[in-house]
Amino acid sequence: MRAGDRYAPLDLLARLVAFDTESSKSNIALIDFVAAYLDGWGVSYLRVPNAAGDKQALFATIGPNSDGGVVLSGHTDVVPVTGQAWTGDPFTLRVEGGKAYGRGAVDMKGFDALVLAAVPDMLAADLARPIHILLSYDEETTCLGVADTIARFGADLPRPGAVIVGEPTDMAVADAHKSIVTYLTTVHGHEAHSAKPMLGANAVMAAAELVSELNAIADDMIARGDASGRFDPPATTVHVGTIQGGTARNILPKLCAFHWEFRGLPDLDMAEIPARFAKACARVTAERLNRYGDYGRIETVEEVAVPGLAPDPGSEAERLALRLAEKNATISVPYATEAGRFQRAGLPTVVCGPGSIDQAHQPDEFITLEAFAKGEAFLRRLIRDCAG
């Protein structure tokens, strides 16, 4: 790469797709590439490493170094390809039939490539309002890759006036999505012969009571419904995904563990379900595990907690994105994003990006060239708006 080289958006997408940035792996090689590209255009940026030092976010500013700018936020990590039936190399972009195929093509290196390709135009526009580029990591696992950068807004980084998270929405403007919180619950019992259950505590049977409680909570959430009428399914959902325990039919199980989650409507108090579950754990510990002695305990570890995005009618981000997308109304999306973390920090935020989520996370993931062009047009309108 030579200083000031200009890339077509598809060429940049090919370069980004070529980096295997599955969430379990480092993204630093990709960030090195982006940094060299920005260096070539004289754009200032900041790398924000994670605690382990094996991943980095990147925050760049084009235009004045002032508050009130627009953040274009995209993640660099992708989901795994292992076990998927790809018809070509997932990390080699393939363009055919009006589609660009590759892991991350739509989720969401397509948006990243469009933003980076627009840098020369941003520079040429002599922006009056800054445009910031934020590339993150770990969106597909925890959505925490933006957190350290967000914490610096208004401190040593300018505080933005609006954030656009470029997840694929077919260029509709999404102002709401559910939260997602995941847990691992481990029930500790005590082994004994199944003929003498009073000599131990059955971890599997205790876990079954807790799963039954989660079923009851799920039913209550369904009955409560969605007052906004905007979500599908129209309720907070509760789900148990895995359960494992026991060693033999005639041994009281010592351990039983299960993974569970809830996906909450934006108006759900995120403490409500954990509090109800904790109350059930206390009851099951006393009445089931320790019925015959001090045999058992239950521990629950929160693994991931991604806040939802709540509607913020009339916000700067909503008004800007609707204008740029040439839309009259917002939508809700069923998946979680980093947008809720920005909103929790008091930053007006929406989700709006090219392509469809229906193509994400699949073998032969793709973005259509038509969708790619729509994203490019959106950014051209943003540049004009910020140059005004």
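Me: What is the accessible surface of the protein chain, and how much of it belongs to carbon and sulfur atoms?
Reply: In this predicted model, the accessible surface comes to about 16,400 Å². Carbon and sulfur atoms hold 52% of that area.

Me: What share of the residues count as buried, and what makes a residue buried?
Reply: The protein chain has 388 residues, and 53% of them count as buried. A residue is given that name because its relative accessible area is under 20%.

Me: Which box do the C-alpha atoms fill, and how many helices and strands are there?
Reply: Along the principal axes, the box is roughly 80 × 45 × 40 Å. The protein chain has 10 helices and 15 strands.

Me: How do the axes of helix H8 and helix H10 meet?
Reply: Helix H8 covers residues 316-325 and helix H10 covers residues 369-387. Their axes come within 9 Å and cross at roughly 125°.

Me: Why is H8 called oblique to H10?
Reply: Roughly perpendicular covers 65 to 115 degrees, and roughly antiparallel needs over 145. The crossing angle is roughly 125°, which fits neither class, so H8 is oblique to H10. The crossing is right-handed.

Me: Which residues make the contact of H8 with H10?
Reply: H8 supplies Leu-320, Ala-321, Arg-323, Leu-324 and Ala-325. From H10 come Phe-378, Arg-381, Leu-382 and Asp-385.

Me: How do the residues of this contact divide into nonpolar, polar and charged?
Reply: Six are nonpolar, three are charged and none is polar. Arg-323, for one, is a contact residue of H8, and Arg counts as charged.

Methods. Residues are numbered from 1 along each chain as its sequence is written. This is a predicted model: local features need pLDDT of at least 70, side-chain atom pairs count only at pLDDT 80 or more; totals for chains, interfaces and linings use all residues. Side-chain values use heavy atoms; hydrogens and water are left out. Axes are lines fitted to C-alpha atoms, for helices over the stretch in contact, and angles run from 0 to 180 degrees between N-to-C directions. Helices (H or I, at least four residues) and strands (E, at least two) are DSSP runs, numbered from the N terminus. Angles under 35 degrees count as roughly parallel, over 145 as roughly antiparallel, 65 to 115 as roughly perpendicular and the rest as oblique. A crossing is left-handed if the near helix is turned anticlockwise from the far one by less than a right angle, and right-handed if clockwise. Contact means heavy atoms within 4.5 Å. Buried means under 20% relative accessible area, exposed over 50%, partly exposed in between (1.4 Å probe, protein chains only). Accessible areas come from the Shrake-Rupley method with a 1.4 Å probe; for residues, only the protein chains shown count as cover.
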